[in-house]
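The following paragraphs offer a guided reading of a protein model. Please keep the sequence and the structure in view while reading.

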Amino acid sequence: MRTGLRRLWARGGDRVIAVCVAAVLLATALAEDHPATDYAGLGYVLVAASGLVLAVGRSLPLLVLAATALCAIGYQAIGFDVPAVAYLFAVYGAFRAGYRLVTVAASAALLVALPFAIMASPVDGSVADAFTRARGVLELAWLIAAGAAGEALRQAERRADEAERTREEAARLRATEERLHIARELHDSLTHQISIIKVQSGVAVHLARKRGEHVPESLLAIRDAAREANRELRATLDTLRDEAKTPPHGLDRVPDLVERARGTGLNTTLTIAGQRHPVPTAVDRTAYRIVQEALTNTARHAAAETAAIRIDYRPGTLAVRVDDDGKAEPGTAPVPGTGLLGMRERVTALGGRLRAEPRSEGGFSVQAEFPVGRPS
């Protein structure tokens with residue numbers, strides 16, 4: 001319920017403030033005695049407008065700052081002795097948005113302009129009276145207080161954002177450490193059992209062939225599955241150990257993957273498109289792992305001759321694609337093995353999208369897109 005109230009206030013709070021300030025200023029103007037001029041109607045409009053413009057203060061703080069200042073100068077020049085309360089709200093909003101120097105310059109200009117606007121009004125008085133009235137219209141102490149309040153809230157919001165980011169990063173780190181721990185525990189508990197299955201099934205196949213007996217297909221399947229599972233587990237542990245000893249590789253090491261793939265007989269090409277820009281470390285490492293896993297799957301399972309890697313730097317997005325010409329046929333659903341599930345989990349955790357499916361022209365394609373913000 002509290003969250004809903006905050007969202008409701010965020011949407012309509014500025015409008016409520018704008019209407020209330022405009023009503024108070026208009027009531028003040030109506031209660032004052034003003035010189036009878038042809039511009040009295042315009043004066044009331046400027047007084048009301050100076051308050052109503054605060055409705056867009058959160059989205060257009062500098063525009064509101066300029067509008068409230070001009071309105072204050074305008075109705076003072078017409079002869080309306082109404083404090084520039086709306087300008088104080090605008091100063092608060094501009095400081096909160098981070099426009100400190102601009103706000104200070106605008107306030108200094110307004111303090112200089114107000115006495116001249118009062119001297120130009122139909123109200124009789126000396127120059128000293130004009131400066132005295134100007135101080136009443138915009139008190140320097142209130143002006144400083146408005147700016148200080150806006151700056152204090154800006155700093156508090158920034159600290160809150162940093163604290164929230166720190167909590168999220170700590171939570172992600174704990175989750176990562178827990179996943180690593182679980183992976184190691186699973187490896188330690190499963191490797192021994194799978195090794196036994198592999199050895200026992202291998203011995204059974206050997207003895208059956210030695211006696212000249214028919215080897216059941218199920219026994220051969222168990223032996224082959226145990227071998228593959230054992231290789232997968234060892235590869236997973238090697239990856240975990242590498243990441244624990246040395247920092248994980250990033251996209252700058254993709255050419256090394258290409259060279260290693262070529263060394264296995266896979267004709268591999270690398271294309272980098274777009275203007276290269278820095279990407280978050282987590283995205284950089286994950287993109288490297290996607291390419292590595294895709295090439296590993298191609299070499300092991302695809303029976304492919306060629307593989308093409310494309311890294312595309314787009315505004316706000318990093319796209320990675322690995323295509324091969326292997327035996328995958330269009331329209332067949334990929335088997336969701338450990339590699340594909342791991343890739344999808346990594347990409348999704350970073351707010352990205354992953355597609356892994358056979359290509360229409362044959363072969364397999366892995367495509368990942370990561371949001372990386374605007375390039376600096």
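**From a hairpin to a helix pair**

In the hairpin formed by β2 and β3, 2 residues lie between the strands, and Gly-316 adopts a positive phi near 80 degrees. The model is a predicted one. The two strands of this hairpin, β2 and β3 (residues 317–324), run antiparallel and are joined by 8 bridges. Within this pairing, Asp-312 stands opposite Ala-319 in β3.

Strand β2 (residues 306–314) also pairs with β1 (residues 267–273); these strands run parallel, and 7 bridges join them. Here Ala-273 is placed opposite Asp-312 in β2.

Attention now turns to the helices. The 18 residues of α3 should span 26 Å at 1.5 Å a residue, and the end C-alpha atoms of the helix are indeed 26 Å apart, so the two values agree. Just after α3, Gly-79 has a positive phi of about 115 degrees. Several residues of α3 are buried, including Leu-65, Ala-69, Ala-72 and Gln-76. The buried residues of this helix pack against α2 (40–52), α4 (85–97), α5 and α6 (127–137).

Two packed helices are described by the angle between their axes and the distance between the axes. For α3 (residues 61–78) and α5 (residues 100–119), the angle is about 10 degrees and the axes are 9 Å apart. Angles under 35 degrees count as roughly parallel, and α3 and α5 are therefore roughly parallel to each other. Among the residues making the contact are Leu-62, Leu-65 and Ile-73 of α3, together with Val-102, Leu-110 and Ile-118 of α5. By class, this contact of α3 with α5 comprises 13 nonpolar and 2 polar residues, with no charged residues.

Terms used
Residues are numbered from 1 along each chain as its sequence is written. This is a predicted model: local features need pLDDT of at least 70, side-chain atom pairs count only at pLDDT 80 or more; totals for chains, interfaces and linings use all residues. Side-chain values use heavy atoms; hydrogens and water are left out. Axes are lines fitted to C-alpha atoms, for helices over the stretch in contact, and angles run from 0 to 180 degrees between N-to-C directions. Helices (H or I, at least four residues) and strands (E, at least two) are DSSP runs, numbered from the N terminus. Angles under 35 degrees count as roughly parallel, over 145 as roughly antiparallel, 65 to 115 as roughly perpendicular and the rest as oblique. Contact means heavy atoms within 4.5 Å. Ala, Val, Leu, Ile, Met, Phe, Trp, Tyr, Cys and Pro count as nonpolar, Asp, Glu, Lys and Arg as charged, and the others, Gly among them, as polar. Two strands pair if DSSP finds at least two bridges between them. The expected span of a helix is 1.5 Å times one less than its number of residues. Buried means under 20% relative accessible area, exposed over 50%, partly exposed in between (1.4 Å probe, protein chains only).
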